[in-house]
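Reader: I would like to learn how to read the features of a model like this. Please take them one at a time.

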Amino acid sequence: MYLSASAKLVPNTEVRLLDCIAEGISSDDAVHRINEFRPDVVLAIMAIEYFDNDVMFLQRLKRELPMALIGCFGHLPGNFQRETLDAAKCDFVLVGEPDQSFKQLLERRAAGGETAGDGVACYAEGSDFIPAEFQRIEDIDVLPYADQDAIDHSLYSEPFFGKPYTVFQSSRGCPFPCSYCVRSYGRKLVMASAVHVVGEVEAAVRDHGIRYFRFMDDTFTASRKRVLKICDGLAKLNLDISWSCLTRPNTIDAEVAAALKKAGCKRVYVGIESGSQKVLDYLNRGYKLDAVMDNLRAVRASGLEMVGWFIVGSPAEEREDFEASLQLARDLKLEFVAVSTLVPYPATDLYEREQTDIEFSLLPYRCVFTEQPGTELESEFYKRYYMTPSFIVGKMGYLAKHPGQSAKGAKEFLQYVVTSRRNPDRKDLL
Ligand code: SF4
């Protein structure tokens, strides 16, 4: 949506966003629709887990639209620029934040210029490979608001939230040291000003009737000063909104939690990751669990819903560490947990550190520790957390508070819980 907004700034440019996953558009149908539109340029985001699939799709698109300039971006294309170009048979890869490099590419194209430019990896005439430097945008306030016209808001939601729903990203990058993390564009944190953020929310509410949303920032609370200003601005608008955001235990305390709540935040997603200091150290989380427990208890006491993200199956984790994570989730009485098996993604500190114990191949895509359980620990965590009489009884009251959404929300949620993250049909609920 942000890319769409930037592309629309190029004069005489018609932009379409094909939201295939949300709209349930098949590959065949996507090719058909793209063919009908006859685009001059196509840009696709490439998923990590389904990279092979996305590569095959781009190959097909290039065969069907040989005259169109076809490109992609994402974590793997940015870190494997030449390999992606060769495999996908596409024309360019955008490296780093794509907003401005994409806009500039469209401007060059409109003027009959070259594909190559800042942030664009491609082959030059004569087949010399031109790599690109990782792009960062220094001032997000100069970017347009997300193009809310580009998606069907009725297709989006999150458990027990209503519609119309959307997402915002008010900062990019994350300054914390977690070794396993594929951040949105690196460790340098670049934030939109509170005025810009509040203005974007207000415009979406006013122009699109948005009532529910999530801030997708890696760590929305990374800057205490800014988050308090944003909350103050949103509270003053007195809008009928419910929203959620992502946070981390050492960036949220009682004051921040109270400010979030006053501004309409209903739910925080907290990267707790583990109840074991040994595992937190292995993941390089950068804080002591003892030191953040008061924060977590303050969030619990604030009345915000708290969803805890946990990582299981790391090489450092033993049975007692797994049990400590489960116990922590129970002690905090988290509304929901979301559990993932640790993946040593390429171009992370973890990958560099553990390279000799990792099986990695780009195509077919495979990235796992040589000795690691499958997704059994995820399933065990879910079952032992959710399938207990006390949790189920506790949730009945919760479901009664959301009568309009209970049946559908509960069904979607149960499907989410029992479906592995590696299953391509799993909906991304949390
Ligand atoms: S706090 Fe979250 S987003 Fe930031 S580096 Fe750690 S895992 Fe990544």
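Author: We will go through helices, strands, the ligand shell and some backbone angles. Keep in mind that this is a predicted model.

Reader: Start with helix H13. How far apart are its end C-alpha atoms?

Author: A helix has an expected span of 1.5 Å times one less than its number of residues. H13 runs over residues 319–331, and for these 13 residues the expected span is 18 Å; the end C-alpha atoms are 18 Å apart, which agrees.

Reader: Which residues of H13 are buried?

Author: A residue counts as buried if 20 or more other C-beta atoms lie within 10 Å of its own. In H13 those residues are Asp-321, Phe-322, Ser-325, Leu-328 and Ala-329. They cover an arc of only 120° around the axis, so they sit on the same side of H13. Exposed residues Arg-319, Glu-320 and Gln-327 are carried on the face turned away from that buried side.

Reader: What do the buried residues of H13 pack against?

Author: Their partners are strands S11 (265–273), S12 (305–312) and S13 (336–341), together with helices H11 (277–282) and H15 (376–386). After H13 comes Lys-333, with a positive phi near 50°.

Reader: Take S11, then. How many of its residues are buried?

Author: Eight of the nine are buried, so S11 is largely enclosed by the rest of the structure. Strand S10 (residues 242–247) runs parallel to S11, and five bridges join the two. Within this pairing, Leu-246 stands opposite Tyr-269 in S11.

Reader: What is notable about phi at Glu-273?

Author: Its phi is positive, about 70°, although Glu-273 is not a glycine. Glu-273 belongs to strand S11. It is buried because 24 other C-beta atoms lie within 10 Å.

Reader: Where is Lys-89, and is it buried or partly exposed?

Author: Lys-89 is in the loop between helix H6 (81–88) and S3. Its phi is also positive, near 55°. With 14 C-beta neighbours inside 10 Å, Lys-89 counts as partly exposed, because the class covers counts between the cut-offs for exposed (12 or fewer) and buried (20 or more).

Reader: Now the sheets. In what order do the strands of the five-stranded sheet come?

Author: The order is S1-S2-S3-S4-S5, in an open sheet with mixed pairing. Its edge strands, S1 (41–45) and S5 (129–130), each pair on one side only. S1 pairs with S2 (residues 69–73) in the parallel sense over five bridges, and Val-41 has Leu-69 in S2 as its bridge partner.

Reader: Which elements does helix H7 pack against?

Author: The buried residues of H7 pack against helix H1 (2–7) and strands S1, S2, S3 (92–94) and S4 (120–123). Among those buried residues are Phe-102, Leu-105 and Leu-106. H7 covers residues 98–110 and reaches 18 Å from its first C-alpha to its last, close to the 18 Å expected.

Reader: Where are the cis peptide bonds that join a residue to Pro-164 and to Pro-364?

Author: One joins Lys-163 and Pro-164, with omega about 0°; Pro-164 is in the loop between S5 and strand S6 (165–168). Another joins Leu-363 and Pro-364, with omega about -5°; Pro-364 lies in the loop between strands S14 (358–361) and S15 (366–369).

Reader: Last, which residues are around the ligand?

Author: They are Cys-174, Phe-176, Cys-178, Cys-181, Arg-183, Asp-218, Thr-219, Arg-248 and Gly-271. By class, this shell has four nonpolar, two polar and three charged residues.

Methods: Residues numbered from 1 in each chain as written. Predicted model: local features only at pLDDT ≥ 70, side-chain atom pairs only at ≥ 80, totals over all residues. Helix = DSSP H or I, 4+ residues; strand = E, 2+ residues; numbered from the N terminus. Arc of directions from axis to C-beta. Contact = placed C-beta atoms within 7 Å. Near = placed C-beta within 6 Å. Nonpolar A, V, L, I, M, F, W, Y, C, P; charged D, E, K, R; others polar. Pairing = 2+ DSSP bridges.
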